[in-house]
Amino acid sequence: MDLRAPIAICAILAVAGAWRANDDGGTASRKRVHISKTSVSGTETVVIENELPCSVVATLKLTERENVDAAVKSTETIVVAPGATRDWITFAAADSKKKWKYQYEWKWVCGAPDASHAADYIYELPFEAGVARRVLQGYLGRVSHADSYAVDWAMPEGTTVCAARAGLICDVVDERDGAGFTEDYKQKNNFICLLHDDGTVGNYLHIKKDGALVKPGVRVNAGDPIAQSGNVGYSSTPHLHFSVTRPRDAYAVDSFPIRYRTTAGTVLVLEKDKYYEKPADAAKPR
Ligand SMILES: [Zn+2]
């Protein structure tokens, strides 16, 4: 890595998988969101189960279809409520006398498309009060934020990450280790997803292995410590990637420019390589 030009990159949080039995859509060891299939009278129904405490959006794309009933669209998206299990898609032959087959891939992400982003909400910086940190990459950054209003903050590994806004911890992955700048690392991030009261999701990426300080289902206030930062996943230098998102479907996630409270006032557009300080009187941990 060229230290004069640190590159900070993150990946989309969607987790993908081709079909396999009891698929959890990712490599995390815990159950989170997974699918199974039931077969009845020559039909096959995909059942999706969401074990997270937030809604998730899942999208299934057919990659191959032969003699599949026309009622099954090539792309199917579903919103699954917290803790819910739903029948999703029932596959059947268009002509029951002929052979039929199909293949698909699927993804899911936290959140729901009906979230209403509160544009006037002022976020706290996602680290400790009284500290200034440098922006490695800002909104729409050309390195990896071309279509994302995300911010990468330079942070030595082990730095305390604090909630930028109150909400419900809905997904935590911190069992992974290692980082790289290749495609396969886009599915190997550690992260925390935090559901805000307006339905948007705060995404804290690249946290240290075993670095989560919170578990799904826990409610936190702005300023509460939630993790130790790291350099895990699609990343080339220790940093925290933070974004606020709402999924359209599992393959298309919108992010939002958000306002931050700093010692220099409220800032909407954080500039690359500038330092921003979190006010010492910012929301304190409980
Ligand atoms: Zn990033």
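# Strands, core and loops of a predicted chain

Q: Which residue in β3 is the bridge partner of I35?
A: This is a predicted model in which local features need pLDDT (the predictor's confidence in each residue, from 0 to 100) of at least 70, side-chain atom pairs count only at pLDDT 80 or more, and totals for chains, interfaces and linings use all residues. Residues are numbered from 1 along each chain as its sequence is written. Strands are DSSP runs of E with at least two residues, numbered from the N terminus, and two strands pair if DSSP finds at least two bridges between them. In β3, the residue bridged to I35 is I48.

Q: How many bridges join β2 to β3?
A: The strand β3 covers residues 43-50 and runs antiparallel to β2. One of the bridged pairs is S39 with E44 of β3, and another is I35 with I48. The number of bridges joining β2 to β3 is eight.

Q: Which residue takes a positive phi near 50° in the hairpin of β2 and β3?
A: Most residues other than glycine have a negative phi. This hairpin has two residues between its strands, and the one with the positive phi is S41.

Q: Which residue in β6 is the bridge partner of E44?
A: The strands β3 and β6 pair in the antiparallel sense over six bridges. E44 of β3 is bridged to S39, and its partner in β6 is F91.

Q: By what average angle are neighbouring strands turned in the sheet β2-β3-β6?
A: The three strands β2, β3 and β6 form an open sheet in that order, with antiparallel pairing. Because β2 (33-40) and β6 (85-91) each have a single partner strand, they stand at the edges, and one side of each is left without a neighbour in the sheet. With axes taken as lines fitted to C-alpha atoms and angles running from 0 to 180 degrees between N-to-C directions, the average turn between neighbouring strands, direction ignored, is 25°.

Q: What is the corresponding average angle in the sheet β8-β21-β22?
A: This open sheet of three strands has mixed pairing in the order β8-β21-β22. Its edge strands, β8 (122-124) and β22 (265-267), each pair on one side only. Direction ignored, its neighbouring strands are turned against each other on average by 40°.

Q: Which residue of β22 stands opposite T262?
A: The strand β21 (residues 259-262) runs antiparallel to β22 and is joined to it by three bridges. Opposite T262 in β22 stands G265.

Q: Which residue in β19 is the bridge partner of V151?
A: Two bridges join β9 (residues 132-137) to β10 (residues 151-154) in the antiparallel sense, and V135 stands opposite W153 there. The strand β10 is also joined by four bridges to β19 (residues 239-249), with the two running antiparallel. The partner of V151 in β19 is F242.

Q: Which domains each give at least three residues to the largest nonpolar core?
A: A nonpolar core is a set of buried Ala, Val, Leu, Ile, Met, Phe, Trp, Tyr and Cys residues joined through C-beta atoms within 7 Å, and a residue is buried if 20 or more other C-beta atoms, placed from the backbone, lie within 10 Å of its own, exposed if 12 or fewer, and partly exposed in between. The largest core has 57 residues, and those with the most contacts (C-beta atoms within 7 Å) inside it are V56, A58, I192, L194 and Y204. With bounds from an automatic or database domain assignment, the contributors of at least three residues each are domain 1 (15-110) and domain 2 (122-276).

Q: Is H206 buried or exposed?
A: H206 lies in the loop between β15 (201-205) and β16 (219-220), and its phi is positive, near 75°. Because 31 other C-beta atoms lie within 10 Å of its own, H206 is buried.

Q: Is D273 buried or exposed?
A: D273 is found in the loop between β22 and β23 (275-277), and its phi is also a positive value near 75°. Because there are 11 other C-beta atoms within 10 Å, D273 is exposed.

Q: Over which residues is the pLDDT below 50?
A: The mean pLDDT of the chain is 88, and 88% of its residues reach 70 or more. One stretch falls below 50, although in the model it has 79 contacts beyond near neighbours in sequence. Where pLDDT is low, the predicted coordinates should not be read in detail. The stretch in question is residues 1-29.

Notes
Two residues are in contact if their C-beta atoms, placed from the backbone, lie within 7 Å.
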